[in-house]
Protein chains: 2
Amino acid sequence: MPPRRAQRNTLDRDRVLTSAMLLADRDGLDALTIRGLAAELGVRPMAIYHYVASKDELLDELVDLVFREVYVPCGQDWRTELFQRSTSMREALGRHPWALPVVDTRSHPGPAMLANHEAVLDVLRGSGFSLQATTHAYAVMDAYVYGFALQEVMLQKAGLPDSAPKGLEDITLARFPRISELATIYITAPVYPLLASFDIGLNLILDGIGRFTDLFPEPKETPDQ
Amino acid sequence: MPPRRAQRNTLDRDRVLTSAMLLADRDGLDALTIRGLAAELGVRPMAIYHYVASKDELLDELVDLVFREVYVPCGQDWRTELFQRSTSMREALGRHPWALPVVDTRSHPGPAMLANHEAVLDVLRGSGFSLQATTHAYAVMDAYVYGFALQEVMLQKAGLPDSAPKGLEDITLARFPRISELATIYITAPVYPLLASFDIGLNLILDGIGRFTDLFPEPKETPDQ
DNA sequence: ACAAAGTACGATACGCTGTACGAAACCAAA
DNA sequence: TTTGGTTTCGTACAGCGTATCGTACTTTGT
């Protein structure tokens with residue numbers, strides 16, 4: 001864009017990351033290229049590399065920015081704390097649909113993600129959950145939350161795309177009456193129906209997790225020997 | 001590779017798809033390039049495009065091949081049927097860790113995926129679940145299964161990679177005692193611990209889903225009016 | 001005030017990707 | 001043998017991340 005050289009201090013790490021996030025939110029993950037981001041910032045591509053070592057690092061930083069939006073649980077009331085943090089997690093991943101695809105291609109957990117996980121574990125252990133109970137509780141709960149967000153992202157993508165009207169050809173749809181039955185529910189629903197499912201499932205899981213304290217009690221201080 | 005032209009009918013759609021799957025399983029998703037696949041097949045890159053319209057179509061076909069490995073539920077015993085199909089789904093996604101990242105970038109559900117979903121819905125509706133109960137049950141159960149597989153893929157990726165010993169620097173780990181406590185459990189465990197968590201969580205969810213028949217009963221034939 | 005050092009930005013280029021286009025080799029039927 | 005269809009391939013192009021080096025600017029030391 002600019003034929004002239006950009007002004008001296010137009011860039012800093014925050015501006016790079018914020019613009020990158022905006023670009024991914026607005027135009028999708030594919031639009032987030034170094035060249036495109038540079039254009040967005042009014043700068044030539046290579047300028048970016050003075051603030052980010054590589055695109056991989058940039059993506060790692062971006063997903064951690066997403067996790068920073070998630071509520072960090074605390075205190076003794078594990079039930080409502082974890083409910084809020086799970087809801088918050090789902091909302092954050094919904095606000096940035098590109099995040100989940102990025103996360104599961106990637107291996108490095110960022111500090112915000114680690115801090116959040118630590119907080120969840122701390123709340124559980126601080127509420128009388130044994131180590132074993134905490135392990136199971138955490139795996140089950142987070143699987144549900146991530147998975148639900150993932151399904152929503154997939155459904156969202158299947159909603160818009162190219163050819164098919166509802167994302168499925170009518171001929172194909174006719175072969176799957178149960179699915180089309182369910183699809184019409186989703187389409188004609190007055191309110192977004194998955195939100196109700198999420199709350200129902202989350203409560204179901206939190207109820208189940210609550211029973212873990214009895215199922216997997218703290219090991220006795222001096223075993224029966 | 002071959003300086004000479006490849007023999008006439010060395011290729012067909014199945015060989016292309018099978019080799020692509022093998023390549024992704026063995027060397028990872030990044031290694032699955034048209035050129036690399038061509039080399040694997042002993043063929044020049046452009047030959048592939050006579051059997052696949054584009055790489056996108058190839059990937060769509062591949063994920064559907066994965067879903068074809070998943071057990072298709074049937075019959076009235078919804079509890080054990082859905083348990084088996086969920087376990088089978090988790091195993092299939094574990095066998096092909098590249099599949100999940102591909103799925104959630106993609107929008108087109110393939111025929112095998114549709115058929116499997118249809119079967120799940122059919123089992124539920126055939127076991128006395130109302131449409132509403134089925135909707136919630138399906139959303140909750142599949143969220144859990146997908147999410148669990150996703151977590152396993154992430155953990156698996158965090159296990160191997162580059163620098164860090166356990167995937168986390170010791171200094172960083174020291175700031176998160178709960179996480180490191182849990183990490184040592186996972187590392188020193190005699191058997192793979194997440195499998196137990198999966199079964200526990202799945203049973204928990206199936207128990208909860210079973211209550212949906214009472215919570216969301218079939219609407220009365222002639223309402224109270 | 002002036003030079004030296006350091007910092008922020010950019011031009012060019014390389015190797016990689018998917019793939020459009022059209023030519024070439026092969027096989028089948030006329 | 002000729003024709004025509006099918007399969008394989010050579011070439012080329014646009015776009016990607018980014019290594020390398022150069023240029024402009026600011027800051028500092030004297």
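Of the 22 residues around DNA strand D, those that come nearest are B:Ala6, B:Arg8, B:Arg44, B:His50 and B:Tyr51, where near means having a heavy atom within 4 Å of the strand. The model is predicted, with local features requiring pLDDT of at least 70 and side-chain atom pairs pLDDT 80 or more, while totals for chains, interfaces and linings use all residues; side-chain values rest on heavy atoms, without hydrogens and water. Residues are numbered from 1 along each chain as its sequence is written, and chains are lettered from A and ligands numbered from 1 in the order in which they are written.

The surface near DNA strand D comprises 9 nonpolar, 6 polar and 7 charged residues; here Ala, Val, Leu, Ile, Met, Phe, Trp, Tyr, Cys and Pro count as nonpolar, Asp, Glu, Lys and Arg as charged, and the others, Gly among them, as polar. On the DNA side, sugar or phosphate accounts for 50% of the strand D atoms within 4 Å of the protein, and bases for the rest. B:Arg8 places a polar side-chain atom 2.3 Å from a base oxygen of DNA strand D. Phosphate oxygens of this strand are met by polar side-chain atoms of B:Arg44, at 2.5 Å, and of A:Tyr49, at 2.8 Å.

Two UniProt annotations, both from an unreviewed entry, can be set beside the chain A model. The record places "domain: HTH tetR-type" at residues 10-70 of chain A and "DNA-binding region" at residues 33-52; its positions follow the numbering used here, feature names are shortened, and annotations may be inferred rather than shown by experiment. Residues 10-70 are 59% helix and 0% strand, with end C-alpha atoms 30 Å apart. For residues 33-52 the figures are 40% helix and 0% strand, and 13 Å between the end C-alpha atoms.

Next comes the relation between the two chains. A turn of 180° with a shift of 0.0 Å along the axis lays chain A on chain B with an RMSD of 0.0 Å, superposed by least squares on the C-alpha atoms of residues with pLDDT of at least 70 in both. The two copies are therefore related as by a two-fold rotation axis. Within chain A, the residue closest to this axis is A:Gly147, whose C-alpha lies 1.8 Å away.

Notes. Polar contact = N/O pair within 3.5 Å; in protein donor to acceptor, adjacent residues only side chain to side chain. Helix = DSSP H or I, 4+ residues; strand = E, 2+ residues; numbered from the N terminus.
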